[in-house]
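I opened this notebook to keep track of what I look up, entry by entry, with each term explained where it is first needed.

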Amino acid sequence: MQFADRLNNVETSAIRELFKLLGKPGIISFAGGFPDSAMFDVDGIREAVNAALTEEAGGALQYGATEGYNPLREQLAQFMTHKGAQDVAADKLIVTTGSQQGLDLLGKTLISPGDKVIVEGPTFLATIQCFRLYGAELISAPVDGDGVKVDELEKLIAEHKPKFVYLIPTFGNPSGAMLTQARRQKVLELAVKYQTLVVEDDPYGDLYFGEAPPPSLLNLSASVPGSRELLAHCGSLSKVLSPGLRVGWMIAPPELLAKATMCKQFSDAHTSTFAQATAAQYLKAGRMPATLAHVRAVYAERAQAMGDALRSDLGDAIEFVQPQGGLFVWARLTGAGGKLADGNELAKRAIEKGVAFVPGTPFFCANPDHATLRLSFATADVAKIREGVARLAQAL
């Protein structure tokens, strides 16, 4: 077969290939980027399903509007308002099939072959693949524990004049970094100064430990005149309620939303109305605050356990910033004491010792740091985290 030329720009996910190795009995996995299924609010979701089928069966089981099921759009608008976003009305957002569809729609509507797009280095692997599929030339902006380095970002924007800038400001995947409020403010100012669209991907912002993170770019945009018209915000219920529902949303300038809705219509007609009605009923029932409190407490304990174990068992052979939220520890092998400093090689050795993680290399669109690795603490309990880190130390 002769496939489309665009497929030459992407390759099979390294993470997907790694998962083929995880069938080995007894393996402890820090590789996944998903929430712990044991913490899904099954009772609450069951009640929401029953309510959807009792109160609005026709709407839940019928075709729906491409923009989204209106009761859910209204609930999401309230959800965002309660989190501090201003002027978010139901008609100013569209429902997507997970936030990843939002990224795909941005690629379809904005990227022409050869267009430049700035992403963080490292960033979400699926973003790299998605944008490259549409022919983007990706430019890597460096990050540290406080998120993207805004001075470097400005230089890159000025030099490359990108179609847009894609960021995960809050507990990024894979970096776990949290962009400071000062840097968030600067990002919005740069958007206005250079008239450059900024895409804020925010699937992890509600998964904070202790203090809440700084306001989202969407929330802060009210204080930077002109920035709201240059901002797209993607949200998701996947990490806080259920990935299986595949419910996300996008808030963006009206013209962009209209184009995205048109492209979505060609793609899937609409996100499952049954899933949307279920999510709407769940949000309406007011169970989300308790659900979030529970998962935050569990993930905070696991994140602390992983950090403590890494410091204890690997010592100065590894460096990382203790995450303040999200699902990941982003670490770097130092090579201290003659230890291994290659994350790709360690991943192979670790599998042999019965523990899995994702090496950091695939998360860079350019100039990868091969000493890096991503460890997820979400799906292993404290005992397994300690045992898994001990095995990692043996592999090192």
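Before the entries, I fix what a helix and a strand are here: both are DSSP runs numbered from the N terminus, helices being H or I over at least four residues and strands being E over at least two. I note that this is a predicted model, in which local features need pLDDT of at least 70 and side-chain atom pairs count only at pLDDT 80 or more, while totals for chains, interfaces and linings use all residues. Residues are numbered from 1 along each chain as its sequence is written, and side-chain values use heavy atoms, with hydrogens and water left out.

**Entry 1: unusual backbone spots**

I looked up R246 and found it in the loop between β8 (231-236) and β9 (248-251). R246 has a positive phi of about 55° although it is not a glycine. For accessibility I use three classes: buried is under 20% relative accessible area, exposed is over 50%, and partly exposed lies in between, with a 1.4 Å probe and protein chains only. R246 has a relative accessible area of 33% and is therefore partly exposed.

F171 also has a positive phi of about 55° without being a glycine, and I located F171 in the loop between β6 and α8. The relative accessible area of F171 is 1%, so I list F171 as buried.

Which residues are joined by cis peptide bonds? One such bond joins G121 and P122, with omega at about 15°, and P122 sits in the loop between β3 (116-121) and α6 (125-133). Another runs from N173 to P174, with omega near 15°, and P174 belongs to the loop between β6 (164-167) and α8 (181-194).

**Entry 2: the whole chain**

I counted 14 helices and 14 strands in the secondary structure of the protein. Along the principal axes, the C-alpha atoms fill a box of roughly 60 × 50 × 50 Å. The radius of gyration is taken over C-alpha atoms, and the globule rule is 2.2 Å times the number of residues to the power 0.38. For 396 residues a compact globule would come near 21 Å, and the protein agrees with this at 21 Å. Buried residues make up 57% of the 396 residues. Contact means heavy atoms within 4.5 Å, and of the contacts with a separation of 6 or more, 73% are between residues 24 or more positions apart.

**Entry 3: two residues followed through space**

Is V119 buried or exposed? V119, which is found in strand β3, has a relative accessible area of 0% and is therefore buried. Leaving aside residues up to four places away in sequence, V119 touches F131, L138, I139, S140, A141, Y166 and C365. From C-alpha to C-alpha, V119 and I168 are 9.1 Å apart in space, with their positions 49 residues apart in sequence.

S272 and V321 are likewise 49 residues apart in sequence, but their C-alpha atoms are 39 Å apart. I found S272 in the loop between α10 and α11, and its relative accessibility is 37%, so S272 counts as partly exposed.

**Entry 4: helices that pack**

Axes here are lines fitted to C-alpha atoms, for helices over the stretch in contact, and angles run from 0 to 180 degrees between N-to-C directions. Angles under 35 degrees count as roughly parallel, over 145 as roughly antiparallel, 65 to 115 as roughly perpendicular and the rest as oblique.

How do helix α12 (residues 288-314) and helix α14 (residues 382-395) pack, and at what angle? Their axes are 9 Å apart, at an angle of about 25°, which means that α12 is roughly parallel to α14. In α12, the residues of this contact include E301, R302 and A305, and those in α14 include V382, I385 and R386. I sorted the contact of α12 with α14 by class and found eleven nonpolar, no polar and four charged residues. In this sorting, Ala, Val, Leu, Ile, Met, Phe, Trp, Tyr, Cys and Pro count as nonpolar, Asp, Glu, Lys and Arg as charged, and the others, Gly among them, as polar.

The axes of helix α5 (residues 98-110) and helix α10 (residues 254-268) come within 9 Å and cross at roughly 110°, which means that α5 is roughly perpendicular to α10.
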